[in-house]
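Please open the structure in your viewer and keep the sequence panel beside it. The stops below each begin with a selection and then describe what is found there.

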Amino acid sequence: MSRDHDLPDTPGRRTVLKGAALAAGALAVTPGLAQAAPAPATAPKPHPEKRPEAAPYANPLVLQRADPHITRHTDGRYYFTATVPEYDRIVLRRARTLNGLSTAAESVIWRAHATGPMGAHIWAPELHRIGGKWYIYFASAPAEDVWAIRIWVLENANSDPFKGTWVERGQLKTAWETFSLDATTFQHRGTRYLVWAQHEPGMDNNTALWISEMANPWTLTGPQVRLSTPEYDWECVGYKVNEGPYVLRRNGRIFLTYSASATDRHYCVGLLTADDHADLLDARSWTKSPVPVFTSDDTTRQYGPGHNCFTVAEDGRTDVLVYHARQYKEITGDPLHDPNRHTRIQKLGWKPDGTPDFGVPVADTVREGA
């Protein structure tokens, strides 16, 4: 997973203040339930028993793919991209169903530069369709300065993101030249916004969350507003991190998830909420949950769930939570050097008050025929 063979020597990750954390993981599967043989035709029919419902999705969905992003396009297909363990390329998959992404062919649509900008730490790509074109937002650093991570943008005018040419639109400039990553974009009431994670000069944290309006898909305009900074204990374990934001609009509100703390078992998901009619550029419009909404679970053996996004199920109505997690608590060495972060999906529930019910990360399942 490490690119030590083709990158200059770098300081240890824990010595870098602005090194926002990623997660690592491993696969373990649970045995399927044995089925009783059918009763003879002459035997009395037993009373029906309530059997546990089968999980609707195969998990892990995609092995060794972290920071997953799945979007359902108007063509009815799901498009998937994620961080690969080598940190050296951007990949795409697509399928008619969510489970189909597990075995879908994977294409490399862009590779890191051998030298200079966009040469190392290719992290957390997101694929968005804006104004009739495809855009990918991702984080990267120069090959010669691998911790100088910034946000970059690719553009493709072809209607099919697997075809055409991916044009490098360059760095998405923010107010400071500091560690920045995990950009996501959304449109609300006619205005397009970018939300991302960045270290603010003079602040005692790794990254906070920021929002700004966009002049076009690769340019910010107007004020850049800090929405959240690590403040609760659960946001400051190992590192003081708010990162990996993503937006879901439902029930007259805007829900903004993010990930917090170092990417061991303490990595978890937090939540900001704003009213649908509020000024999203006013930090006072957002309410922050004092507790994490999605955390490690010993019962299902899923640890460090985070860097989530949302999509919808094949019915077009059911919300689906997409995230990565791992199957063990302890990591040997730097989590960045462990390739086993796996993409996972599960149904997102809703509470009576209209807020999301994340539940717990579901246990691994056995694919049919495995």
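Is Ala-124 buried or exposed? Select this residue in the model, which is a predicted one, and show its surroundings: Ala-124 has a relative accessible area of 3% and is therefore buried, since buried means under 20%. Ala-124 belongs to strand 5, which covers residues 120–130, and its phi is positive, at about 50°, although the residue is not a glycine.

For a second residue with a positive phi, move on to Asp-182, which is not a glycine either and has a phi near 60°. Asp-182 sits in strand 9, residues 180–188, and with a relative accessibility of 4% it also counts as buried.

**The whole chain**

Now zoom out and colour the protein chain by secondary structure, where you should find 21 strands and 0 helices. The chain has 370 residues, of which 54% count as buried, and its exposed area comes to about 16400 Å², with carbon and sulfur atoms supplying 50% of that area. If you look at contacts between residues at least 6 apart in sequence, 56% of them join residues that are at least 24 apart.

**A cis peptide bond**

Next select Asn-59 and Pro-60, which are joined by a cis peptide bond with omega at about 0°. Pro-60 is placed in the segment that comes before strand 1, residues 66–72.

**A hairpin**

Continue to residues 208–216 and 219–228, which are strand 11 and strand 12, antiparallel to one another and joined by 6 bridges. These two strands form a hairpin, and 2 residues lie between them. To see one facing pair, select Asn-216 together with Thr-219 of strand 12, because the former stands opposite the latter.

**An open sheet**

Strands of a sheet pair through backbone hydrogen bonds, in either a parallel or an antiparallel way. With that in mind, display strands 13 to 16, which make up an open sheet of 4 strands in the order 13-14-15-16, with antiparallel pairing. Its edges are strand 13 (242–250) and strand 16 (286–288), each of which pairs on one side only. From one strand to the next, the twist averages 25°.

Within this sheet, select strand 15, residues 268–275, which is joined to strand 16 by 3 bridges and runs antiparallel to that strand. Here Thr-273 is the residue to label, together with Thr-287 of strand 16, which stands opposite.

**A loop residue and a distant partner**

Which loop holds Asp-353? Select the stretch between strand 20 (349–350) and strand 21 (356–357), since the place of Asp-353 is in the loop between them. Asp-353 has a relative accessible area of 48% and is partly exposed. Add Asn-251 to the selection and draw the distance between the two C-alpha atoms: they are separated by 9.3 Å, while the residues are 102 apart along the chain.

**Two cysteines**

Finish with Cys-236 and Cys-309, and compare their surroundings. Cys-236 has a relative accessibility of 25% and counts as partly exposed, whereas Cys-309 has 1% and counts as buried. A disulfide is a covalent bond between the sulfur atoms of two cysteines. How many disulfides does a search of the whole structure find? The search finds 0, so there is no pair of cysteine sulfur atoms within 2.5 Å to display.

Terms used. Residues are numbered from 1 along each chain as its sequence is written. This is a predicted model: local features need pLDDT of at least 70, side-chain atom pairs count only at pLDDT 80 or more; totals for chains, interfaces and linings use all residues. Side-chain values use heavy atoms; hydrogens and water are left out. Axes are lines fitted to C-alpha atoms, for helices over the stretch in contact, and angles run from 0 to 180 degrees between N-to-C directions. Buried means under 20% relative accessible area, exposed over 50%, partly exposed in between (1.4 Å probe, protein chains only). Contact means heavy atoms within 4.5 Å. Accessible areas come from the Shrake-Rupley method with a 1.4 Å probe; for residues, only the protein chains shown count as cover.
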